[in-house]
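Biologist: I should be grateful for a close look at a single part of this model. Please describe how that part is paired with its surroundings, and then follow the chain onward from there.

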Amino acid sequence: MKRELGVIMAIEVHDGGCMCGAVRYRLSGAFTYSAHCHCRSCQRAVGAGFATYSAVAPENFSVTNGKLAIYRSSPGVERGFCRKCGTSLTYGGEAWTDIAVMTATLDDPAAAAPTSNVYLDHKQPWVALDDALKAFSKFP
């Protein structure tokens, strides 16, 4: 809760974690974006046609249990995962103003509906897109 002009305002809070429960995290504040990423790096990182991320400002992300293992997947990019079960959890890096979590690792993944598809230059031909979402050949 925060107080603004004498009124108590609820702060959005979302918890999540890995499959085995060794790593837990908390997001506070509003999501800055939620998107399906079709780049080859994300496809390989999650073993699927695309990865779905939801992001918050870095100061609104905290690990509440355990410790993220970090893999530097490309220059300036860090992917966080659970060392015990291997669940992909986070994405961020030097050029990113946000920290993103894999939306499916939220306790309530429905809280962050994706609004766009990004890196469509790498989309697999067998992935069907939702035409209601914004579409970008790269990251906007």
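Modeller: In this predicted model, strand S10 (residues 88–93) and S11 run antiparallel and are joined by 2 bridges. Within this pairing, Tyr91 stands opposite Ala100 of S11. The two strands, S10 and S11, make up a hairpin, and 5 residues lie between them.

S11 also pairs with strand S6 (residues 51–56); these two strands run antiparallel, with 4 bridges between them. Here Ser54 has Val101 in S11 as its bridge partner.

The side chains of S11 (residues 99–102) may be considered next. Ile99 and Val101 are buried on one side of the strand, and Ala100 and Met102 are buried on the other, so that both faces are covered. Two of these residues have already appeared: Ala100 is the residue opposite Tyr91, and Val101 is the bridge partner of Ser54.

Beyond S11 the chain enters the loop that leads to strand S12 (116–118), and Thr105 lies in this loop. Thr105 has a relative accessible area of 11% and is therefore buried, the cut-off for that class being under 20%. Its side chain makes a polar contact of 2.8 Å with the side chain of Tyr25. Setting aside neighbours within four places in sequence, Thr105 is in contact with Gly16, Gly17 and Tyr25, and also with Thr87, Ser88 and Leu89.

A second residue of the loop between S11 and S12 is Asp107. Asp107 forms a salt bridge with Arg24, in which the closest N and O atoms are 2.6 Å apart. This pair links distant parts of the chain, since Arg24 belongs to strand S4 and the two residues are 83 apart. Arg24 has a relative accessible area of 25% and is accordingly partly exposed.

Arg24 leads to another sheet. In S4, Arg24 is the bridge partner of Gly17, and Gly17 is one of the residues in contact with Thr105. S3 and strand S4 (residues 24–28) pair in the antiparallel sense over 5 bridges. They belong to an open sheet of 3 strands, arranged in the order S3-S4-S7 with antiparallel pairing. Its edge strands, each pairing on one side only, are strand S3 (13–17) and strand S7 (61–65). On average, and with direction ignored, neighbouring strands of this sheet are turned by 25 degrees against each other.

S3 and S4 are also connected through their side chains. Asp15 and Arg26 form a salt bridge, with 2.7 Å between the closest N and O atoms. Because Asp15 lies in strand S3 and Arg26 in strand S4, this pair ties together parts that are 11 residues apart in sequence. Asp15 has 23% relative accessibility and so counts as partly exposed; Arg26, at 37%, is likewise partly exposed.

The count of salt bridges comes to 4. Among them is one between the side chains of Glu78 and Arg72, at 3.0 Å from N to O. Its two residues fall into separate accessibility classes: Glu78, at 32%, counts as partly exposed, whereas Arg72, at 59%, counts as exposed.

To return to the part from which this account began, S11 is joined by bridges to S10 and to S6. The loop after S11 holds Thr105, whose side chain makes a polar contact with that of Tyr25, and Asp107, which forms a salt bridge with Arg24.

Key. Residues numbered from 1 in each chain as written. Predicted model: local features only at pLDDT ≥ 70, side-chain atom pairs only at ≥ 80, totals over all residues. Heavy atoms only, no water. Buried < 20%, exposed > 50% of the residue type's maximum accessible area, 1.4 Å probe, protein only. Pairing = 2+ DSSP bridges. Axes fitted to C-alpha atoms, helices over the stretch in contact; angles between N-to-C directions. Polar contact = N/O pair within 3.5 Å; in protein donor to acceptor, adjacent residues only side chain to side chain. Contact = heavy atoms within 4.5 Å.
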